Number of protein chains: 2
Amino acid sequence: MSRQAETGRGAAPPNAAGGARMTGDDRRRQIVRVAMQLFAERGFRGATTKEIAQAAGVSEAIIFRHFATKDDLYTAIIDDKSCEGLGGGLGRAEGGHEGHTAVDAVRHWVGEAMERGEDAAVFEGIALKMMEHHQRDPQFLRLLLYSALEGHQLAQIFWDRNVRVMYEFLGSYIRRRQREGALRGDFDPLVAVRAFTGAVIHHSLNNTLWDKDPARRILNVSNEEAARAFTEILLRGITDGPAAAQGGAKPRPAPGVQRGKKK
Amino acid sequence: MSRQAETGRGAAPPNAAGGARMTGDDRRRQIVRVAMQLFAERGFRGATTKEIAQAAGVSEAIIFRHFATKDDLYTAIIDDKSCEGLGGGLGRAEGGHEGHTAVDAVRHWVGEAMERGEDAAVFEGIALKMMEHHQRDPQFLRLLLYSALEGHQLAQIFWDRNVRVMYEFLGSYIRRRQREGALRGDFDPLVAVRAFTGAVIHHSLNNTLWDKDPARRILNVSNEEAARAFTEILLRGITDGPAAAQGGAKPRPAPGVQRGKKK
DNA sequence: GGGGTGTTAGTAAGTACTTACTTTTGGAAT
DNA sequence: ATTCCAAAAGTAAGTACTTACTAACACCCC
């Protein structure tokens, strides 16, 4: 809880953990990092500049030397984060953000499986990477949610740069597999993408937002198990199980149906 | 935008739309309603008592006559709303909240289909009712999200009273259908519930939070189409498609990810 | 000594909440 | 019916504190 007390008085040790003198760029980055954390915890309105300053171990005025307004600080976060997507661990670092989007990350992790048409590996890999990212950096989900609720740009930018292209990317993969006859052709690929990502993201959201305590969880499964289960449901759901045509789900089943088939 | 100006001065028309004199109970209810809307729009911290008063057409002091603190106002909302669940349209009204939970609503809408084992009707009905509720009352989703992010009770109460029991309810239905041989027996029913509700809720969340403009939507389908598609994927995914054993999804084709246990 | 990092001590506009007061109302007692 | 009055519904103008943001000055290292 104790928030790295502000060194405050002039008599303070000049080299204390929080208040050491930094170069402008370092301080700026540190403020962005700290602010991001607080915005994620309390939202834009909820996180005060005073708290941010304290957490960074400097006086409030320093913040306004680096960022003209609180809003500027927020948009600085966007520049730092928005291109990251769910890559989270690839190019998150300092140097140059030359556009590492979520899709790039996905392509990197499951590109080969995609080329080979190994659907299970593709979807399981994506689910796993997403969940791992959410678990490693739960702040990011909160930041994004707050941003969407509060109507900040971050949400929109993230949406356009990552979610949209992700849908197109996955959608076109599914479409290709439909053409190849590996998947059924009678459904909208984007609906499948939504169902799948919905399950994955909702699962992460549950675990990081509501059901934090693993002991009390409604559904306490490892990321691997969840990824495998979601993938299996999806793939069975969209492949052309020969039986599907007659029995399963599409035509409204008559009263007793579906229990008939004996393997 | 214009917020029904507060009548203000004593000279104001006593019967004006916003500022008419009300009985205590009526005013109290009105304040709760207005506050709920504003909390949903801006969050607890973001909605000021002044704004709430203005929107209600009274002076700020009136609010504190009815509610000792702003927090009290929030918990009053909980008493009003929390039992409603996704029923939204069943027992939302005044009189007595004798416990209309989400599960009661579900039982009402798809209970017969459940008894008859019409899985498609069950899941499609649930999905549709949920999405319709979200669409009719998008504020509720926002309220809930803000509540979870800001750490208010509402989220926890809603979770315990509605989400938890919903998982148990749907989970036990699936378990029954597994015993009856209608659904495969080799998956955790709760995982299926999560995948399904995840798809549905994520879909609503997308439409009410990020992708508001229908014209620009990534995925612009009617609630009916979405419900049908999600249901089809799920049911094909968890029924025993005879083909599944040999073909597509189950045996791990990939070298990549963990292939350890085989049941 | 000058540019950059830091500070303290402000300010004006909110913020939740209070105080002291006025108006309206419903229902007896007259 | 009128009068009277207490309770209820309302108000303006505070209070004490926080908020984002600023101004003026101190330290430090090339």
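How many of the 22 residues of H9(B) are buried? The count is 19, so H9(B) is mostly covered (a residue is buried if 20 or more other C-beta atoms lie within 10 Å of its own, exposed if 12 or fewer, and partly exposed in between, with C-beta atoms placed from the backbone). This is a predicted model, in which local features need pLDDT of at least 70, side-chain atom pairs count only at pLDDT 80 or more, and totals for chains, interfaces and linings use all residues. Residues are numbered from 1 along each chain as its sequence is written, while chains are lettered from A and ligands numbered from 1 in the order in which they are written.

**Overall make-up of chain A**

- Chain A comes to 10 helices and 0 strands, where helices (H or I, at least four residues) and strands (E, at least two) are DSSP runs numbered from the N terminus.
- Read from the N terminus on, the elements of chain A run α-α-α-α-α-α-α-α-α-α.
- Chain A has 263 residues, of which 44% count as buried.
- Two residues are in contact if their C-beta atoms, placed from the backbone, lie within 7 Å. Among contacts in chain A between residues at least 6 apart in sequence, 59% join residues at least 24 apart.

**Helix lengths and cover**

- The expected span of a helix is 1.5 Å times one less than its number of residues.
- In chain A, helix H9 (residues 189–210) has 22 residues and should span 32 Å; its end C-alpha atoms are 30 Å apart, which agrees. Of these 22 residues, 19 are buried.
- Helix H6 (residues 119–136) of chain A has 18 residues, with an expected span of 26 Å and end C-alpha atoms 26 Å apart. H6(A) is mostly covered, as 15 of its 18 residues are buried.
- In chain B, the 22 residues of H9(B) reach 30 Å from first C-alpha to last, close to the 32 Å expected.

**Helix packing in chain B**

- Axes are lines fitted to C-alpha atoms, for helices over the stretch in contact, and angles run from 0 to 180 degrees between N-to-C directions.
- Helix H9 (residues 189–210) and helix H10 (residues 223–238) of chain B pack at about 165°, with their axes 11 Å apart. H9(B) is therefore roughly antiparallel to H10(B) (angles under 35 degrees count as roughly parallel, over 145 as roughly antiparallel, 65 to 115 as roughly perpendicular and the rest as oblique).
- Residues making this contact include B:Phe196 and B:His203 of H9(B), together with B:Phe230 and B:Leu234 of H10(B).
- Helix H7 (residues 138–150) and helix H8 (residues 153–179) of chain B have axes that come within 6 Å and cross at roughly 110°. H7(B) and H8(B) are therefore roughly perpendicular to each other.
- Among the residues in that contact are B:Leu143 of H7(B) and B:Phe158 of H8(B).

**The nonpolar core**

- A nonpolar core is a set of buried Ala, Val, Leu, Ile, Met, Phe, Trp, Tyr and Cys residues joined through C-beta atoms within 7 Å.
- The largest such core has 139 residues, and A:Phe39, A:Phe230, B:Phe39 and B:Phe230 touch the most other members.
- Leaving aside neighbours within four places in sequence, B:Phe39 is in contact with residues including B:Phe44, B:Tyr74 and B:Leu143.

**Two individual residues**

- A:Thr75 is found in helix H4 (residues 70–81) of chain A and counts as partly exposed, with 16 C-beta neighbours inside 10 Å.
- B:Ser172 lies in helix H8 of chain B and is exposed, because 11 other C-beta atoms are within 10 Å.
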